[in-house]
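The following exercises ask the reader to work from a model to statements about strand pairing, burial and packing. Each task is followed by a solution in steps.

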Amino acid sequence: MKLDINCIRDILLLVEEHSNLNENYVTIPINVFELIKSNHLSSYTDKEIVYTVKKLDEAYYIDAVFKYADNSLYTCYIYELTYEGHQLLDTIRNNKVIESINKKLDNLGSSVTIEIIKLLATNILKEKLGLKN
């Protein structure tokens, strides 16, 4: 499966929005099946969402726990964005930035790593802020 930058961004936005602490300052987990039902992710298949959550967890952008039973995903809880997850989201949060990235990737005709996407986003943000030489 391919990683979709738009799905990555949308999942990170939802995790950020729904992350919360209880009265004892313990993170309240988000069930991945709740994310799947979200209207915000309706343009993605269940498999795309779960795959993206797995990859975000593997890359330490989110803190998630997967549980399997009978060779199937039983449940998955997402606890929060990691510091790196916040950093990634902050580089791709802006709609104009993500549109620019998508245009550049369309012109390239292939996929790139998340690190390249972060670099592209950072350069676009610098340009928009007048920080690029």
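The exercises below concern this predicted model.

**Exercise 1. Determine the order of the strands in the three-stranded sheet, and explain why S3 and S4 each have one side without a neighbour in the sheet.**

Solution.
- Step 1. The sheet is open, and its strands are arranged in the order S3-S5-S4 with antiparallel pairing.
- Step 2. Strand S3 (30–31) and strand S4 (62–69) are at the edges, and each has a single partner strand, so one side of each lacks a neighbour in the sheet.
- Step 3. The antiparallel pairing of S3 with strand S5 (residues 72–81) rests on two bridges. Across this pairing, Ile 30 is opposite Ile 78 in S5.
- Step 4. A helix also packs here: H3 (residues 46–58) lies across S4 and S5, and its direction makes an angle of about 125° with S4.

**Exercise 2. Classify Lys 118 and Val 65 as buried, partly exposed or exposed, and list the contacts of each beyond four places in sequence.**

Solution.
- Step 1. Lys 118 belongs to helix H6 (residues 114–128). Its relative accessibility is 14%, and because buried means under 20%, Lys 118 is buried.
- Step 2. Beyond its neighbours within four places in sequence, Lys 118 contacts Tyr 61, Glu 84, Leu 88 and Thr 91.
- Step 3. Val 65 is located in strand S4. With a relative accessible area of 31%, Val 65 falls between the limits of 20% and 50% and is therefore partly exposed.
- Step 4. With neighbours within four places in sequence again left aside, Val 65 contacts Thr 75, Cys 76, Tyr 77 and Tyr 79.

**Exercise 3. Identify which residues of the largest nonpolar core touch the most other members, and which element gives the most to this core.**

Solution.
- Step 1. The largest nonpolar core has 36 residues, of which Ile 11, Leu 12, Val 53, Ile 62, Ile 78, Ile 92 and Ile 101 touch the most other members.
- Step 2. Two or more residues come from each of helix H1 (5–18), helix H2 (32–37), H3, S4, S5, helix H4 (83–92), helix H5 (95–108) and H6.
- Step 3. The largest contribution is that of H1, which gives eight residues.
- Step 4. Ile 11 can be examined singly: leaving aside neighbours within four places in sequence, Ile 11 contacts Leu 41, Ile 49, Thr 52, Val 53 and Leu 56.
- Step 5. The C-alpha atoms of Ile 11 and Val 65 are separated by 16 Å, and the two residues are 54 residues apart along the chain.
- Step 6. As a general background, nonpolar side chains tend to be buried together in soluble globular proteins.

Terms used
Residues are numbered from 1 along each chain as its sequence is written. This is a predicted model: local features need pLDDT of at least 70, side-chain atom pairs count only at pLDDT 80 or more; totals for chains, interfaces and linings use all residues. Side-chain values use heavy atoms; hydrogens and water are left out. Two strands pair if DSSP finds at least two bridges between them. Helices (H or I, at least four residues) and strands (E, at least two) are DSSP runs, numbered from the N terminus. Contact means heavy atoms within 4.5 Å. Axes are lines fitted to C-alpha atoms, for helices over the stretch in contact, and angles run from 0 to 180 degrees between N-to-C directions. Buried means under 20% relative accessible area, exposed over 50%, partly exposed in between (1.4 Å probe, protein chains only). A nonpolar core is a set of buried Ala, Val, Leu, Ile, Met, Phe, Trp, Tyr and Cys residues joined through side-chain atoms within 4.5 Å.
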